[in-house]
Amino acid sequence: MRRITGAAFVSLDGVMQGPGGPEEDRTGGFEFGGWTAPYWDETAGEHLGALFAKPFDLLLGRKTYEIFSAYWPYQIDSEIGDAFNRVAKYVVTSSRETLSWVNSHAINDGVEGVARIKEGQGPDLLIQGSSKLYADLMARNLIDTLIVMTFPVVLGNGKRLFVEGGSSQGLKLVDSKVSGTGVVIATYQPAGPVRTGTFETQPPSEAELARRARWSREG
């Protein structure tokens with residue numbers, strides 16, 4: 001069985017759209033493309049280098065595939081480009097159009113197709129970008145490791161890593177570091193259902209019971 005690692009760049013408010021450059025993804029009028037660049041440093045570069053140094057295949061959504069396939073094959077003397085060109089690219093898409101980037105394979109049956117690839121043989125699968133993949137894959141517990149690089153910037157709008165209405169899941173922090181520019185690099189693994197508790201030490205007051213009832217009526 002192959003493992004799936006999701007590796008995402010996010011802002012403090014969870015946006016992951018267009019991290020690489022101004023024209024990468026202007027969908028929805030997004031104006032802040034390239035927001036990771038001012039915070040990139042040696043620590044971030046070393047982390048990314050270590051991630052790509054291990055054997056992997058790419059697991060991508062259609063939009064990220066289109067961005068990558070129009071960029072990476074044309075980058076001369078690029079270690080990342082060489083790696084991306086060499087590995088298999090599994091693309092979750094409803095389109096039946098031919099995938100032109102070498103060694104690309106369409107997954108036309110969504111999460112079921114991803115689960116099938118995961119059960120097969122080969123290197124682990126690495127998600128880059130592809131914000132729409134996360135909700136469905138996490139709902140099926142298909143992501144084994146989640147690496148989130150959180151940049152110290154608030155973008156306000158854009159495509160987000162976690163969308164409202166997505167599945168719930170507990171996570172365990174297994175590694176973390178902070179770059180010199182304030183990027184928090186955190187690695188998580190699934191930890192079962194969300195656990196809850198309370199800090200209440202006494203029975204609720206009449207005022208608290210009234211508040212609960214009022215909020216229940218207000219929806």
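This short presentation covers the nonpolar cores, the pockets and the aromatic pairs of the structure shown above.

Good morning. Please bear in mind throughout that this is a predicted model.

I shall begin with the interior. The largest nonpolar core comprises 29 residues. Those with the most contacts inside this core are W35, L51, F52, F56, F84, M149 and F151. Several elements each supply at least two of the core residues: strand 1 (4–11), helix 1 (42–53), strand 2 (56–61), helix 2 (62–69), helix 3 (79–86) and strand 6 (145–151). Of these, helix 1 gives the most, with four residues.

Let me dwell on W35. What does W35 touch, beyond residues up to four places away in sequence? The list includes F9, V10 and S11, then V15, M16, Q17, G18 and P19. It also includes F30, F151, V153 and L155. Apart from the largest core lies another, of 24 residues, with I107, A115, I117 and M138 among them.

I turn now to the pockets. The largest has a volume of about 1100 Å³, and 39 residues line it. Nearest the centre of this pocket lie P19, E24, I67, F68 and G129. Strand 1, helix 1, helix 2, helix 3, helix 5 (131–139) and strand 6 are the elements that give two or more residues to its lining. Which element provides the largest share of that lining? Helix 2 does, with five residues. By class, the lining of the largest pocket consists of 20 nonpolar, 13 polar and six charged residues.

The second largest pocket has a volume of about 360 Å³ and a lining of 16 residues. T5, A50, L51, K54 and I147 are the lining residues nearest its centre. L51 also appears among the residues with the most contacts inside the largest nonpolar core. At least two lining residues of the second largest pocket come from each of helix 1, strand 5 (124–128), strand 6 and strand 7 (171–178). Its lining divides into seven nonpolar, four polar and five charged residues.

One charged side chain deserves a separate remark. R62 is found in helix 2. Is R62 buried or exposed? Its relative accessibility is 18%, so R62 counts as buried, the cut-off being under 20%. Leaving aside neighbours within four places in sequence, R62 is in contact with V91, V92, T93, S95, E97 and L99.

Finally, the aromatic residues. The count comes to 13 aromatic pairs. In one of them, the ring centres of F9 and W40 are 5.7 Å apart and the planes stand at 70°, so the pair is edge-to-face. F9 belongs to strand 1 and W40 to the loop between strand 1 and helix 1; the pair therefore ties together parts that are 31 residues apart in sequence. W40 itself is partly exposed, with a relative accessible area of 33%.

Y39 and F151 form an aromatic pair that is also edge-to-face, at 6.4 Å centre to centre and 70° between the planes. Because Y39 lies in the loop between strand 1 and helix 1 and F151 in strand 6, this pair ties together parts that are 112 residues apart in sequence. Y39 counts as partly exposed at 22% relative accessibility, whereas F151, at 0%, counts as buried.

I close with the aromatic cluster formed by F52, F56, F68, Y71, W72 and F84. F52, F56 and F84 were named earlier, among the residues with the most contacts inside the largest nonpolar core, and F68 among those nearest the centre of the largest pocket. Thank you for your attention.

How values were computed:
Residues numbered from 1 in each chain as written. Predicted model: local features only at pLDDT ≥ 70, side-chain atom pairs only at ≥ 80, totals over all residues. Heavy atoms only, no water. Core = buried A, V, L, I, M, F, W, Y, C linked by side-chain atoms within 4.5 Å. Buried < 20%, exposed > 50% of the residue type's maximum accessible area, 1.4 Å probe, protein only. Contact = heavy atoms within 4.5 Å. 1 Å grid on protein atoms, 1.4 Å probe; cavity = no way out; pocket = protein on both sides within 12 Å on 5 of 7 lines; lining within 4 Å. Points joined across faces, edges and corners; volume = space filled by probe spheres on them. Nonpolar A, V, L, I, M, F, W, Y, C, P; charged D, E, K, R; others polar. Phe/Tyr/Trp six-rings, centres within 6.5 Å; stacked < 30°, edge-to-face > 60°.
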